[in-house]
Amino acid sequence: MWRSGLISLLASSAAIVGAADAISTQAYKWSNVKIGGGGGFIPGIVFNPSQKGLAFVRTDIGGAYKLDADDSWTALQDFADNARWDYWGTDALATDPVDPNRLYLAVGMYTNSWDPNNGTILISTDQGKTFDASPLPFKVGGNMPGRGLGERLAVDPHSNNVIYFGARSGHGLWKSTNFGATWTQVTSLPSAGTYAPDPSDSSGINSDKIGITWVTFDSTSGSTGQATPRIFVGVADVGRDNIYTSQDAGATWSTISGFNNSWISHKGVLSPKENVLYVSTSDGAGPNDGSIGGVYKYNITSGTVTNISPASGSDLTFGFGGLAVDLQMPGTVMVAALNCWWPDGQIWRTTDGGQTWSPFWAWEAYPDLNRYYTYDDSLAPWIGPDYTITTLDKQLGWWIEALSIDPFDSNHWLYGTGETLYGGHDLLKWDTVHNVTLKSLADGIEEDSVQGLISPPSGAHLLSAVGDNGGFLHNDITKPPQNAFNPVWSTNVDLDFAGNKPSTLVRIGNGNGEIALSTDGGNTWPVTINGATNVNSGKIALSANGDTVLWSSGNAGLLVSTNGSTFTSVSSLPSGSVIAADKKNDTVFYAASGSKFYLSSNGAQSFTVVGSLQSSTSPAKIVVNPNITGDVWVSTDKGLFHSTDSGISFTPVSGITQAWAIALGAPEGPHGPPAVFAAANLTGTGGGIGYYRSDNGGETWVKINDAAHGFGSISSNPLTADPRIYGRVYIGTNGRGIFFGDKS
């Protein structure tokens, strides 16, 4: 929860009043729809070295999580609202080794123009229950290239008021001496990092300098109460030595020679009982690149660097990322291939400081692999088959930048991938029978980027379209789905159901020709439509009887298909039009573009401008009363508009100055109007940008989100409301999966 300023929103008012006056807040219970498995990149895993069982993970777009005693995880930044949507981008994490209650997060989503905000250090003194903010004078990139490097944040183990943070974009190394409250640049460090993945990238994503890659204190140097003298820092430079050390608490710095300086160091991990620093390197910043690299062992006492890479020659087609030491067993180290794309990811383990290594899998004789694990994805069965595969397919994952061994339990280990969090509790079997249990341990981590949601009046209460993982039929929103939609597309962008035949559905993806129809409520998707070979993304609408599909595509304008016929162009609508189908009349469709509202009465073959959305320039969503033809709601950049005559005339809803996603749900009573849910900016005391419900056609509203639930960027979030459960709404987010809310 956020400490400052928003707590007052938790207070409820006794009466529901008009939108222009005070806005009541109605208490809601919010929970995640369980998809399970994480669903996105986990670039960082950090165990606290002083308190048993205390661990955190960070995600690139969904915030950080704290480990619970039952192996599940609790999200820490759900307070992030539209104004602080970038707080879900978590580029670095540090847990205090002296005072385990202290936690630090470096947050910010992008360093280019996509994110206008400077970064922030979030400071917690209660292990993430609450946070204070310390603003930074530069941006932080939780979803930028190199987000798996690190950790860039580190707390001094001898003087925990001292914290270092390695910045991006040429801003260098920064230091706080007051527990993160204020920061100053460490100007004595000779380099801020000059490497950028692609300096010619005009978007600013790959042309931004990666900067400082990690900071590690040498806890074997110095004494309690004094700043630790020996510090190691990795810098993203290529062609010159790029690992620095200080012997005087950061006053002066020198480089360490002996590493291949054409590669970038991804991790620098201390093994204090060995007096050794282990380093993993790659020729790219990650997470999606890397074709060569090495693993190194720096003996602090002798000053020697040894290449201990577990792969070389023609077997080395990747860089190295995740790196872990066992603090209870000196010389026990694990390292991951950052991106071993074929036949699978790879992790190695040594118990003798890198003299010999044993792999997670090895060739028997092509095409047969020996996989030295037993696979278990029972907590997220949609990830793949719940058994150890024998085919040449990926099961261990990709983008393996996060790898950690529990400092109190040598059997407990975790690693992150681009999709989930894996690990287990029998790691020591690796060294004996060489077969461990590998399990998806991401229960509670919900990182999906949700693109679309529908809640039909029959069948499953919820279906979703999500980025990277396709989409799901949620037969039970409290349990993970068994499978993703099939055919499988990486990203589904929208879906719809037929009002009169709600078991008939359509969905689309962001790849060319990705459109499919289901006639059994989304269990199977056997029907495809011709003429869409080069068409992708956008929005989709399905007629009331399910025989006509209208597609507002991302690259080919508006298209229509009837009874499975080849898609043809709809020339009477502008490209990018917002669309919807009537839920009762099979021939009626609606559309909006700019301030114009369009109607079709001939099955979307042609449209006519029938009404105006006043000064609107950007319509966001059209929803239709499922029981009444022509009862239409439209959200725009200028407000929320309602029509009962198929858009010929619209009434603006008083008090709403802008609206994004909207949805209609079950009425409060058997004969009442549908409940209207709106992500909107509502005037009046207690209003503002948030999530609202009206039970009387928009005359009055109650606010349903609170200080603990901000749902991130409001413009990114799809809504749908349950037509069978009064008060229930589903909110999709860009990085925290799907929430469902019920009246408390």
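This section describes a buried aspartate, two sets of paired strands and a pocket in a predicted model.

Asp496 belongs to strand β37, which spans residues 492-497. With a relative accessibility of 10%, Asp496 falls under the 20% cut-off and is therefore classed as buried. The side chain of Asp496 takes part in two kinds of polar pairing, one with the backbone and one with another side chain. A polar atom of that side chain lies 2.9 Å from the backbone nitrogen of Leu542. The side chain of Lys583 makes a polar contact of 3.0 Å with the side chain of Asp496. When neighbours within four places in sequence are set aside, the residues in contact with Asp496 are Ile454, Thr504, Leu505, Val506, Ile540, Ala541, Leu542 and Lys583. Leu542 and Lys583 thus appear both in the contact list and as polar partners of Asp496.

Strand β34 comprises residues 450-454, and Ile454 is among the contacts of Asp496. Burial extends over most of β34, with 4 of its 5 residues buried. This strand pairs with β35 (residues 462-466) in the antiparallel sense, over 4 bridges. Within this pairing, Leu453 has Ser464 of β35 as its bridge partner.

A separate group of 4 strands forms an open sheet, ordered β19-β20-β21-β22, with antiparallel pairing. The edges of the sheet are formed by β19 (264-271) and β22 (304-307), each of which pairs on one side only. From one strand to the next, the twist averages 25°. In general, the strands of a sheet are paired through backbone hydrogen bonds, in either a parallel or an antiparallel arrangement. Here, β19 is joined to β20 (residues 276-282) by 7 bridges in the antiparallel sense. Ser265 has Thr281 in β20 as its bridge partner.

Edge strand β19 also contributes to the second largest pocket, supplying at least two residues of its lining. The volume of this pocket is about 1,000 Å³. Its lining consists of 38 residues, and those nearest the pocket centre are Val46, Phe47, Pro49, Val269 and Leu270. Besides β19, at least two lining residues each come from β3 (44-47), β7 (90-95), β11 (153-155), β15 (212-217), β23 (320-325) and β30 (403-405). Of the residues nearest the centre, Val46 and Phe47 fall within the range of β3, whereas Val269 and Leu270 fall within that of β19. Strand β19 is thus both an edge of the open sheet and a contributor to the lining of the second largest pocket.

Notes
Residues are numbered from 1 along each chain as its sequence is written. This is a predicted model: local features need pLDDT of at least 70, side-chain atom pairs count only at pLDDT 80 or more; totals for chains, interfaces and linings use all residues. Side-chain values use heavy atoms; hydrogens and water are left out. Buried means under 20% relative accessible area, exposed over 50%, partly exposed in between (1.4 Å probe, protein chains only). A polar contact is a pair of N or O atoms within 3.5 Å; within protein, one must be able to donate a hydrogen and the other to accept it, and residues adjacent in sequence count only if both atoms are side-chain atoms. Contact means heavy atoms within 4.5 Å. Two strands pair if DSSP finds at least two bridges between them. Axes are lines fitted to C-alpha atoms, for helices over the stretch in contact, and angles run from 0 to 180 degrees between N-to-C directions. On a 1 Å grid over the protein atoms alone, a cavity is a set of points where a 1.4 Å probe fits but cannot get out, and a pocket is an open set with protein on both sides within 12 Å along at least five of seven lines; lining residues have an atom within 4 Å of a point. Grid points are joined across faces, edges and corners, and a volume is the space filled by probe spheres set on the points.
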